[in-house]
Amino acid sequence: EAVLREMLSLESTHTAAELLLARFLLHGASAEGWRQAEGLALDVIKRHPRHHQAHHILAQVRRHAGDAEGEAEALRFAVDSASCDPYVLLQYASVLQDLGQDATATEVCRRLLDEFGGDG
């Protein structure tokens with residue numbers, strides 16, 4: 001953590017360092033760590049509104065807080081990215097299904113199959 005914070009002090013807008021630190025903080029069990037991770041993700045999103053990794057971190061924070069709608073919204077931005085990975089699509093579909101949005105969840109699953117293989 002100290003090394004990542006030092007990287008941030010050298011270049012305050014170093015996106016990669018911010019996201020690494022946020023991911024590191026998510027693995028700690030402290031509420032303060034989760035708040036800091038959320039703040040870092042939001043800082044990156046302010047500068048790069050479509051940054052899929054920052055939105056995915058934000059989704060993890062929202063899930064941890066029990067905010068399924070906030071998680072779904074953050075994941076929606078993450079899956080809009082062209083570089084979205086299949087895990088994020090699957091997570092998004094699962095959250096949508098939990099929220100009772102089965103039709104949208106089905107569409108996300110179709111996208112998952114279209115983009116990453118499968119015969120339907």
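1. In this predicted model, R111 and E115 both belong to helix α7, where they stand 4 residues apart, about one turn of the helix. The two side chains form a salt bridge, with the closest N and O atoms 2.6 Å apart. R111 has a relative accessibility of 23% and therefore counts as partly exposed, given that buried means under 20%. E115, with a relative accessible area of 41%, is likewise partly exposed.

2. Another pair in helix α7, which spans residues 102-116, consists of R110 and E107; these lie 3 residues apart, again about one turn of the helix. R110 forms a salt bridge with E107, and the closest N and O atoms are 2.6 Å apart. On the question of exposure, R110 counts as partly exposed at 46% relative accessibility, and E107 counts as partly exposed at 46% as well.

3. A salt bridge between helices is found where the side chains of R62 and E38 meet, at 2.2 Å from N to O. Because R62 lies in helix α4 (residues 52-64) and E38 in helix α3 (residues 31-47), this pair ties together parts that are 24 residues apart in sequence. A colleague checking the side-chain geometry may wish to know how many salt bridges there are by the rule applied here; the count comes to 6, with R62 and E38 among them.

4. On aromatic and cation-ring geometry, a search of the whole structure finds 0 aromatic pairs. There is, however, a charge placed over a ring: the charged end of R76 sits over the ring of F77, at 4.4 Å from the centre of that ring.

5. R76 also takes part in the packing of two helices, since it is one of the α5 residues that meet α6. Helix α5 (residues 68-79) and helix α6 (residues 86-98) pack at an angle of about 145°, and their axes are 9 Å apart. The crossing of these two helices, α5 and α6, is left-handed. On the α5 side the contacts are made by A68, E71, A72, L75, R76, A78 and V79, and on the α6 side by V88, L89, Q91, Y92 and V95.

6. Which residues does A54 contact, once its neighbours within four places in sequence are left aside? They are L19, A41, V44 and I45. A54 itself has its place in helix α4, and at 0% relative accessibility it counts as buried, because the limit for that class is under 20%. Along the chain, A54 and L19 are 35 residues apart, yet their C-alpha atoms are separated by 6.8 Å.

7. A65 is found in the loop between α4 and α5. Is A65 buried or exposed? With a relative accessible area of 62%, A65 is exposed, because that value is over 50%. A65 and W34 are 31 residues apart in sequence, and the distance between them in space, from C-alpha to C-alpha, is 9.2 Å.

8. For the overall architecture, the protein has 7 helices and 0 strands, and read along the sequence it follows the pattern α-α-α-α-α-α-α. Of its 120 residues, 37% count as buried, with A54 in α4 as one that is buried. Among contacts between residues at least 6 apart in sequence, 41% join residues at least 24 apart.

Key. Residues numbered from 1 in each chain as written. Predicted model: local features only at pLDDT ≥ 70, side-chain atom pairs only at ≥ 80, totals over all residues. Heavy atoms only, no water. Salt bridge = Lys/Arg side-chain N within 4 Å of Asp/Glu carboxyl O. Buried < 20%, exposed > 50% of the residue type's maximum accessible area, 1.4 Å probe, protein only. Phe/Tyr/Trp six-rings, centres within 6.5 Å; stacked < 30°, edge-to-face > 60°. Lys NZ or Arg CZ within 6 Å of the ring centre and 35° of its normal. Axes fitted to C-alpha atoms, helices over the stretch in contact; angles between N-to-C directions. Left-handed = near helix turned anticlockwise from the far one by under 90°. Contact = heavy atoms within 4.5 Å.
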